[in-house]
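Here is a short tour for anyone who likes to look at packing and side-chain contacts. Keep the viewer open as you read.

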Amino acid sequence: MEDAFADPTVGAVGGRDNVAGDGWTGRPDLPVGIITPTGRIIGNHHHGTGAVRQAQTVKGANMGIRVAAAIGFPLSQFVRGTGAQYRNELILTAEIRRRGYRVLYDPAIRVDHFPSQRALGDDRHLFSRERVALNVANEVSALRISEPLRVRIAYQLRAVAVGTRLHPGIVHTLRGAILEHRNDVPRFAGVIDGLRLGRQSRKKEALLISGSVQTVGRGHNA
């Protein structure tokens, strides 16, 4: 990781986290830490293999940030939620990329990651309507910082129409009801709430971004 920061254009570096001692070999072509043109946010940091490559976000379990690339950014005023605060890394790396720095993922940089119990309200598996709303709003904030309008629109359409298992849109809500006899309607409502909350914050966040420090390529502290 230190070697990667020898390049002054690199603002953040992440690696693979072996979850609970995971020995999965992965695939060299597996996409890791990217945002697709259709607005899909892909992690896979715990499954990456192969060469060092450029990414759009890294994972908090195994990452380093250049001080100059992030200094002055009021992250605590962007990230919503409790505990680990979902997508805090996505918001931070979005700002780092907005300032002109690169983000790298190197699967050779590894840590053994043994997930522990999180704080009350931040359980890894329980997602209420309120929590889903905060999570989705965090994603909206991150995309607004770094992604073009077409990607942001695609994300919102995908969130409503499809979503994910944890943040279900129409497709995942119907799938859960039909195939798994699960009621995901409250979480789907949380997705809608989150999109609305994210839009309501755009003026405030624009002012925060305009006032943050921009120091592209300067400094070597990490």
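## Confidence

This is a predicted model, and its chain has an average pLDDT of 89, with 89% of the residues scoring at least 70. Residues 217-222 deserve some care: pLDDT falls below 50 there, although the stretch has 17 contacts in the model beyond near neighbours in sequence.

## The nonpolar cores

The largest nonpolar core is made of 35 residues. If you want to find its best-connected members, look for Phe78, Ile91, Ile96, Val136, Ile145, Tyr155 and Leu195, which have the most contacts inside it. Two or more residues come from each of α1 (67-70), α2 (88-98), β6 (102-113), α3 (129-146), α4 (149-161), α6 (185-200) and α7 (202-210). Of these, α3 gives the most, with six residues.

There is also a second, separate core of five residues, with Phe5, Val10, Val13 and Leu104 among them.

## Around Leu195

Leu195 is a nice one to zoom in on. Setting aside neighbours within four places in sequence, Leu195 is in contact with Val136, Val140, Tyr155, Gln156, Ala159 and Val160.

## Two arginines and an aromatic pair

Arg97 belongs to helix α2. Its side chain makes a polar contact of 2.8 Å with the side chain of Glu147. Not counting residues up to four places away in sequence, Arg97 touches Ile35, Ala55, Gln56, Val103, Ser146 and Glu147.

Arg131 has a ring for a partner: its charged end sits over the ring of Phe127, 4.2 Å from the ring centre. As for pairs of aromatic rings, the structure holds one.

Terms used:
Residues are numbered from 1 along each chain as its sequence is written. This is a predicted model: local features need pLDDT of at least 70, side-chain atom pairs count only at pLDDT 80 or more; totals for chains, interfaces and linings use all residues. Side-chain values use heavy atoms; hydrogens and water are left out. A nonpolar core is a set of buried Ala, Val, Leu, Ile, Met, Phe, Trp, Tyr and Cys residues joined through side-chain atoms within 4.5 Å. Buried means under 20% relative accessible area, exposed over 50%, partly exposed in between (1.4 Å probe, protein chains only). Helices (H or I, at least four residues) and strands (E, at least two) are DSSP runs, numbered from the N terminus. Contact means heavy atoms within 4.5 Å. Rings of Phe, Tyr and Trp (its six-membered ring) pair if their centres lie within 6.5 Å; planes under 30 degrees apart count as stacked, over 60 as edge-to-face and the rest as tilted. A charge sits over a ring if NZ of Lys or CZ of Arg is within 6 Å of the ring centre and within 35 degrees of the ring normal. pLDDT is the predictor's confidence in each residue, from 0 to 100. A polar contact is a pair of N or O atoms within 3.5 Å; within protein, one must be able to donate a hydrogen and the other to accept it, and residues adjacent in sequence count only if both atoms are side-chain atoms.
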